Every structure is written in structure tokens, then in C-alpha cells.
Amino acid sequence: MKEGLVNPSTIVGVKSIPNLDKIEYSNQDGLHIGANATLGELEESSLIKEKYLALHLAVAHAGTPQLRNSATLGGNLAQRNRCWYFRSIDHECYRKGSGTCYAQKGENEFHAIMNNGTCASVHASSVATALLAFDAKVHIATADGKLKEVPMEEFFVHPEDDSRNETILKAGDLITGVTLPASQTGTKSYYIKFGARESHDWALADVAVVAILEGRKCRNASVALGAAAPVPIKSKAAAEKLIGKSLNKSVAKAAAKASMIGATPLAKNAYKVPVFHTIVERAISKLS
Amino acid sequence: MKKFSWYEAKSIEDAMAKVNATSSDILGKEQDGKSGSVLKQGVLTCLIS
């Protein structure tokens with residue numbers, strides 16, 4: 001609103017809706033987090049720290065303690081993309097319907113390095129990176145009174161599919177919560193955020209890795225990248241380098257290299273490629 | 001930033017009803033397809049940015 005992207009006549013507050021802030025876990029249903037749970041509450045949850053370390057680390061690196069005490073999970077996922085052209089009232093960019101992405105030839109040091117041909121903005125949620133790696137599902141109440149579950153991988157919408165919206169949320173839709181699968185034996189996870197500042201800053205690059213290990217051998221793996229593309233993405237190429245392998249430095253390095261296959265950095269953000277190489281390798285090395 | 005009114009919903013159904021009742025002029029419906037209730041969630045988090 002401050003940046004002039006929207007000018008509502010009415011705002012409907014949802015903070016007072018009861019039971020929308022619960023954090024519950026069962027071995028059968030997994031972890032359910034209500035949309036109104038604050039990032040601070042997620043950060044302080046010992047259960048999340050124990051079973052979903054990557055999520056704990058992602059929320060712990062968001063904003064500042066004061067912001068985490070007010071920012072909610074639902075709000076974090078529903079926030080708009082990060083791009084100074086998009087968030088400038090003076091620029092009618094691709095996402096505002098002009099067909100022109102000014103970041104392509106402009107100031108693009110913080111922008112996307114993958115899938116960035118039409119719009120190079122990046123989604124601002126670091127929490128989404130961790131949720132994507134955990135194969136979370138988003139619960140949505142629709143305006144016509146229905147409830148639906150959407151995999152995190154389908155929740156965010158690439159600008160080529162919908163230039164005006166970053167998520168599948170339609171008018172009247174409300175995020176009610178997120179569910180993560182129950183933690184399996186041997187599940188390990190880690191998250192790393194790289195930013196210009198340690199606190200109160202966006203991610204220039206972040207990664208969440210979730211793996212199921214038997215000893216050092218990786219049975220299954222998921223590698224999610226944030227601030228790499230207009231939406232948080234999974235690197236299947238990186239995961240494939242891990243699955244079936246005994247984790248060690250060379251495997252981690254190979255997966256890190258694979259994570260950047262297909263990268264198309266712009267003039268001023270090629271530095272992100274080696275940054276991702278480094279943080280992906282480090283995150284994998286923290287698993288075992 | 002122009003003036004806006006604030007409605008604190010008591011339930012999901014209440015939020016939906018308010019959004020639908022003000023559908024013609026609530027923010028997202030005209031401008032970006034997002035609902036006012038979603039906006040509130042977004043506003044809280046915009047603080048992070």
C-alpha cells in the first residue's frame with residue numbers, strides 16, 4: 001500500500017479469527033500451522049526446531065525479532081514479489097501489465113537468475129523456500145465456501161503463466177494454514193540464507209535441503225532455491241545428485257553445481273551463481 | 001495513500017462475507033485479483049520488506 005501497488009477502500013482483518021494460529025503435530029497428519037501463527041511462534045517452537053530444522057532456520061532469519069512477532073505465516077506467503085521496478089509507483093512494469101520488465105536491462109543485481117526471461121522479480125518469502133523443500137501443502141478457503149489443499153510447488157505462479165499474480169490465490173481466497181508431512185525416521189534438513197546483511201534484510205539467495213538418510217546414504221532428497229527465480233523452485237537436478245549416494249564433500253559439490261544448471265544471470269547478478277554453489281554445498285554438508 | 005476502512009473479521013465465513021459484500025471496490029478484485037482478507041495477511045508481512 002505504501003508503494004502504491006494497491007489502494008483498497010476496505011481492509012478485512014483476519015488476525016482475530018479464532019483457532020487460526022495453532023501449531024499442531026501428529027505422526028499421522030504431520031505438522032499443521034495455522035495462517036495466523038506468527039513467525040516468532042514458529043521460531044520458538046521446539047517441535048519445529050527438532051523435526052523441521054530448515055523451517056526453523058528460515059523463520060529465524062526473516063526480518064527482525066519485532067517483525068517476526070507480528071508477521072504471520074499466511075502473510076509471509078501472500079506478500080508481493082521483490083523488485084524495485086514492480087514496487088515503484090513510477091514504473092508500469094511487466095507485472096503491472098505493460099509488457100516491459102525494466103530489470104532485464106536495468107538495475108538487476110538482486111533479481112532472478114533462472115526463468116527470468118519475462119519478469120526477473122523474486123518472491124520475498126524465505127519461509128516458502130523451506131516449506132517447498134518439505135513438500136508442504138497450503139490450505140485455502142475459497143470465496144464460495146470450499147476448502148482446498150494445494151502443494152507448495154503449485155501455490156506460486158510463474159509470471160509467464162500469470163503476469164499479474166504471484167500465487168494461485170483468487171479474489172476472496174484466504175490462506176488458512178500449511179501442512180507439512182510427518183517427519184520420517186532419518187529425515188535431516190538445513191537452510192541457509194545469504195544476504196547483504198545478517199539481519200533485517202532480504203535473501204539474495206537461500207536454500208533449503210531436506211533428505212532422508214540411512215547412515216550417510218541418501219534415500220530421498222529435496223533441494224529448494226529462493227531468490228533464484230520469480231518463484232521459489234525445486235532443483236531436481238541437485239536432488240538427483242544426492243539420491244542413492246553416500247553424502248560427502250564431492251557429492252555435495254556435484255549437487256551444488258547441478259543446482260545452477262540452466263541459470264541465465266543478467267548483467268549485474270551473475271555473482272549469485274557462485275553464491276548458490278556455495279550455500280547449496282554448505283547446506284548439504286550440514287545434513288550428515 | 002488514500003483513506004481506507006478497517007473491518008476485523010470474527011471468522012473465516014465473516015471475512016468471506018465482508019469481502020464478497022465489498023467486492024466491487026475492495027482492493028484486489030479490481031487491481032490484482034487478490035482479496036482484502038489476503039491483503040491483511042500481506043500487510044503484516046510487508047513489514048519484513
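Author: A polar contact is a pair of N or O atoms within 3.5 Å; within protein, one must be able to donate a hydrogen and the other to accept it, and residues adjacent in sequence count only if both atoms are side-chain atoms. The model discussed here is predicted.

Reader: Which backbone nitrogen does a side-chain oxygen of A:Ser125 reach at the start of α6(A)?

Author: The two atoms come to within 3.4 Å of each other. The cut-off for a polar contact is 3.5 Å. The partner at the start of α6(A) is the backbone nitrogen of A:Val127.

Reader: How many of the residues of α6(A) are buried?

Author: Buried means under 20% relative accessible area. The buried residues include A:Ser126, A:Val127 and A:Ala128 towards one end of the list, and A:Leu131, A:Leu132 and A:Ala133 as well. The helix is mostly covered, and the count is eight of eight.

Reader: Which residue with a positive phi follows α6(A)?

Author: The phi in question is near 55°. The residue also appears among those closest to the centre of the second largest pocket, alongside A:Ala133 and A:Phe134. It is A:Asp135.

Reader: How much space lies in the second largest pocket, and how many residues line it?

Author: The space in this pocket comes to about 340 Å³. Closest to its centre are A:Ala133, A:Phe134, A:Asp135, A:Val210 and A:Ile212, and the residues of the lining number 20.

Reader: Which element supplies the largest share of that pocket's lining?

Author: At least two lining residues come from each of β8 (205-214), β9 (217-226) and α8 (236-242) of chain A. The largest share is four residues, and its source is β9(A).

Reader: How many residues of the lining of the second largest pocket are nonpolar?

Author: Three residues of the lining are charged and six are polar. The nonpolar ones number eleven.

Reader: Where does A:Arg87 lie, and what does its side chain contact?

Author: A:Arg87 belongs to the loop between α5 (73-78) and α6 (126-133) of chain A. Its relative accessibility is 9%, so A:Arg87 counts as buried. A polar atom of its side chain lies 2.8 Å from the backbone oxygen of A:Arg80.

Reader: Why does A:Cys93 form no bond with the closest cysteine sulfur?

Author: A:Cys93 is buried, at 5% relative accessible area. A disulfide needs two cysteine sulfur atoms within 2.5 Å, and a search of the whole structure finds zero disulfides over all chains. The closest cysteine sulfur, in A:Cys83, is too far for a bond because the distance is 6.0 Å.

Reader: Is A:Cys218 buried or exposed?

Author: A residue is buried under 20% relative accessible area and exposed over 50%. At 1% relative accessibility, A:Cys218 is buried.

Reader: What radius of gyration does chain A have, set against that of a compact globule?

Author: The C-alpha trace of chain A spans about 55 × 50 × 35 Å along its principal axes, and the chain holds ten helices and ten strands. Of its 288 residues, 58% are buried. A compact globule with 288 residues would have a radius of gyration near 19 Å, and this agrees with the value for chain A, 18 Å.

Reader: Why is helix α3 (residues 53-60) of chain A largely enclosed by the rest of the structure?

Author: The buried residues in α3(A) are A:Ala54, A:Leu55, A:His56, A:Leu57, A:Ala58 and A:Val59. The helix is largely enclosed because the buried share is six of eight residues.

Reader: How far apart in space are A:Pro181 and A:His32?

Author: A:Pro181 is in the loop between β6 (174-180) and β7 of chain A, and at 40% relative accessibility A:Pro181 is partly exposed. In sequence, A:Pro181 and A:His32 are 149 residues apart. From C-alpha to C-alpha, the distance between them is 8.9 Å.

Reader: What separates the C-alpha atoms of A:Phe194 and A:Ala71?

Author: A:Phe194 sits in strand β7 (residues 187-194) of chain A and is partly exposed, with 33% relative accessible area. Along the chain, A:Phe194 and A:Ala71 are 123 residues apart, and their C-alpha atoms are separated by 21 Å.

Reader: Is A:Ala227, with its positive phi of about 60°, buried or exposed?

Author: A:Ala227 is not a glycine, and its place is the loop between β9 and β10 (233-234) of chain A. With 6% relative accessibility, A:Ala227 is buried.

Methods
Residues numbered from 1 in each chain as written. Chains lettered and ligands numbered in written order. Predicted model: local features only at pLDDT ≥ 70, side-chain atom pairs only at ≥ 80, totals over all residues. Heavy atoms only, no water. Buried < 20%, exposed > 50% of the residue type's maximum accessible area, 1.4 Å probe, protein only. 1 Å grid on protein atoms, 1.4 Å probe; cavity = no way out; pocket = protein on both sides within 12 Å on 5 of 7 lines; lining within 4 Å. Points joined across faces, edges and corners; volume = space filled by probe spheres on them. Nonpolar A, V, L, I, M, F, W, Y, C, P; charged D, E, K, R; others polar. Rg over C-alpha atoms; globule rule 2.2 N^0.38 Å.
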